[in-house]
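Let's take a walk through this one together, starting at a single spot and working outwards. Have the model open and turn it as you read.

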Amino acid sequence: MTIAVQLKHQTIYEDEARIAIRLPLIPELQAIHPEGNFPLLEDPIATGRAMILGMTVLRPRDQGWTAPVLSNGQPTSLYAVQHWIYTVNGLPGGWLIAHGNLMDAYRLALQYGLADAVMIGSNTVRTEGIDRPGYAGYIWQPYHPTRWPHLQQAAPDLLTYILHQRRAVQQLGYLSDRTYPAQIVVSQSGQATSPDLLEAAIFHQSDPDGHPIEAYILTSEVGASRFRERAATYGLAHRIEQMLITFSPGHAPHQIDLKNLPYFLYHQFGMRIINHDGGPTCLSAFCQAGSLPQLNLTLARQLSLKAVLEMTSDDRISPSFRADSLAHLAERTACFFHSPDGSIPRALVPLAIAIDTLDEAAVVSFDSRSLYGQALF
């Protein structure tokens with residue numbers, strides 16, 4: 001077993017009163033995470049609804065977060081950091097924000113592995129998941145990030161460990177018997193776009209076992225009609241009905257019933273834990289509806305995005321793009337939070353905090369229930 005030191009991390013803070021259940025980690029993953037558990041804010045078996053937890057990676061725009069994560073045992077300094085950025089216009093995906101951080105890549109793979117489904121917003125799919133030349137063709141499965149060179153080098157057997165971990169959680173009854181998580185794209189309107197959601201790789205490729213990826217589109221009644229109309233254009237007419245999860249409230253056929261969705265997915269699809277990897281628009285809608293109790297953020301803290309842009313040599317960034325981005329950084333980037341200075345709202349309360357061995361990133365699990373009914377992102 002080979003595990004790079006930089007991949008290892010430790011939990012430095014937990015709010016015991018808020019943790020409903022801890023999923024125990026197998027010994028191989030305890031070599032990475034010695035505390036040996038994955039905390040959840042809700043127990044889906046007790047509540048009878050899918051536990052949906054959001055995730056994303058963020059980085060400060062102008063100045064890194066170099067203060068101690070804890071002060072007198074409390075995570076106070078994270079609220080003082082401004083302009084947490086989730087995207088750079090013209091560079092889809094979080095690769096620049098993550099800047100090759102091993103902890104972020106590992107947590108991404110782990111959370112995919114500990115889910116019955118991974119949920120993705122339509123904007124995220126259009127920018128990251130389209131299956132055509134010039135696009136990333138990303139697949140939200142644990143076998144995707146574990147193939148990234150930096151993670152493969154740090155832990156070559158990681159996918160095997162994560163799949164063993166998945167089976168262990170299945171035996172506890174907290175996951176269905178799916179070999180790999182299902183994929184759920186959220187598109188309320190179902191409107192045609194360029195590129196179209198129906199081009200996404202998840203609808204046309206297979207898992208490593210040779211079976212087609214279990215992929216769905218969560219939409220409204222009106223949206224479902226629009227997807228049916230153009231399914232044949234993308235070779236999906238034969239399976240479009242199996243792909244659609246149509247769930248509107250009785251009085252609003254243009255909307256998705258997000259409030260009751262966790263119960264529906266639990267009872268109709270056997271989904272107990274769902275990882276929400278959507279963008280801020282989709283995450284915010286779920287939070288407002290009371291369907292996203294937990295938000296796990298990887299806060300890439302020591303280097304600012306400005307510093308990363310200045311130092312990176314990635315050939316995906318042209319010299320002209322770099323120069324223009326540095327000259328107009330505020331216009332080129334988008335803050336994750338809608339607070340005036342893009343800082344983390346104090347209503348988001350830390351459930352648990354882990355840091356990597358180099359203190360380059362902090363993974364913070366937040367309790368987001370106090371923000372129900374509010375626009376957060």
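Start with P195, which sits in the loop between β7 (182-186) and β8. This is a predicted model, and in it the peptide bond between S194 and P195 is cis, with omega at about -5 degrees. Why point that out? Most peptide bonds are trans, and most residues other than glycine have a negative phi.

That second habit of backbones has its exceptions here too. Look at the loop between β4 (51-60) and β5, where you'll find N72. N72 isn't a glycine, yet its phi is positive, about 55 degrees. Stay in the loop between β4 and β5 and you also come to H83, another non-glycine with a positive phi of about 55 degrees. Are these two buried or exposed? N72 has 80% relative accessibility, so it counts as exposed. H83 has 17%, and because buried means under 20%, H83 counts as buried.

Now for some helices. An α-helix has 3.6 residues a turn, so residues three or four places apart point the same way. Keep that in mind for α10, which runs over residues 261-269 and has L261, P262, L265 and Y266 as its buried residues. They cover an arc of only 135 degrees around the axis, so they sit on the same side of α10. Turn to the face pointing away from that buried side and you meet the exposed residues H267 and Q268. Just after α10 comes G270, with a positive phi near 65 degrees.

Helix α13, residues 319-327, can be read in a similar way: F321, R322 and S325 are buried there. Their arc around the axis is only 100 degrees, which means they lie on the same side of α13. P319, S320 and A327 are on the other side, and they're exposed. What do the buried residues of α13 pack against? Their partners are β5 (84-88), α12 (305-311) and α14 (329-332).

Next, go to α8 (221-230). Its buried residues include V222, G223 and F227, and the buried set packs against β8 (215-219), α9 and β9 (244-246). The loop between α8 and α9 (240-243) holds A232, which counts as exposed because its relative accessibility is 57%. A232 and L198 are 34 residues apart in sequence, while their C-alpha atoms are 9.9 Å apart in space.

For another pair like that, find A31 in the loop between α1 (27-30) and β3 (37-40). With 25% relative accessibility, A31 counts as partly exposed. A31 and T2 are 29 residues apart along the chain, and 9.7 Å separates their C-alpha atoms.

Time to zoom out. The whole protein chain has 14 helices and 14 strands. Its radius of gyration is 20 Å, close to the 21 Å that the globule rule gives for 377 residues, so the chain is as compact as a globular protein of that length. Along the principal axes, the C-alpha atoms fill a box of roughly 55 × 50 × 40 Å. Of the 377 residues, 58% count as buried. Take the contacts between residues at least 6 apart in sequence, and 76% of them join residues at least 24 apart.

Finish on the outside and the charges. The accessible surface comes to about 15000 Å², with 49% of it belonging to carbon and sulfur atoms. There are 26 positive and 34 negative side chains, and the centres of those two sets lie 2 Å apart.

How values were computed:
Residues are numbered from 1 along each chain as its sequence is written. This is a predicted model: local features need pLDDT of at least 70, side-chain atom pairs count only at pLDDT 80 or more; totals for chains, interfaces and linings use all residues. Side-chain values use heavy atoms; hydrogens and water are left out. Helices (H or I, at least four residues) and strands (E, at least two) are DSSP runs, numbered from the N terminus. The radius of gyration is taken over C-alpha atoms; the globule rule is 2.2 Å times the number of residues to the power 0.38. Buried means under 20% relative accessible area, exposed over 50%, partly exposed in between (1.4 Å probe, protein chains only). Contact means heavy atoms within 4.5 Å. Accessible areas come from the Shrake-Rupley method with a 1.4 Å probe; for residues, only the protein chains shown count as cover. Lys and Arg count as positive and Asp and Glu as negative; His and the chain ends are not counted. The place of a charge is taken as NZ of Lys, CZ of Arg, CG of Asp or CD of Glu. The arc is that of the directions from the helix axis to the C-beta atoms.
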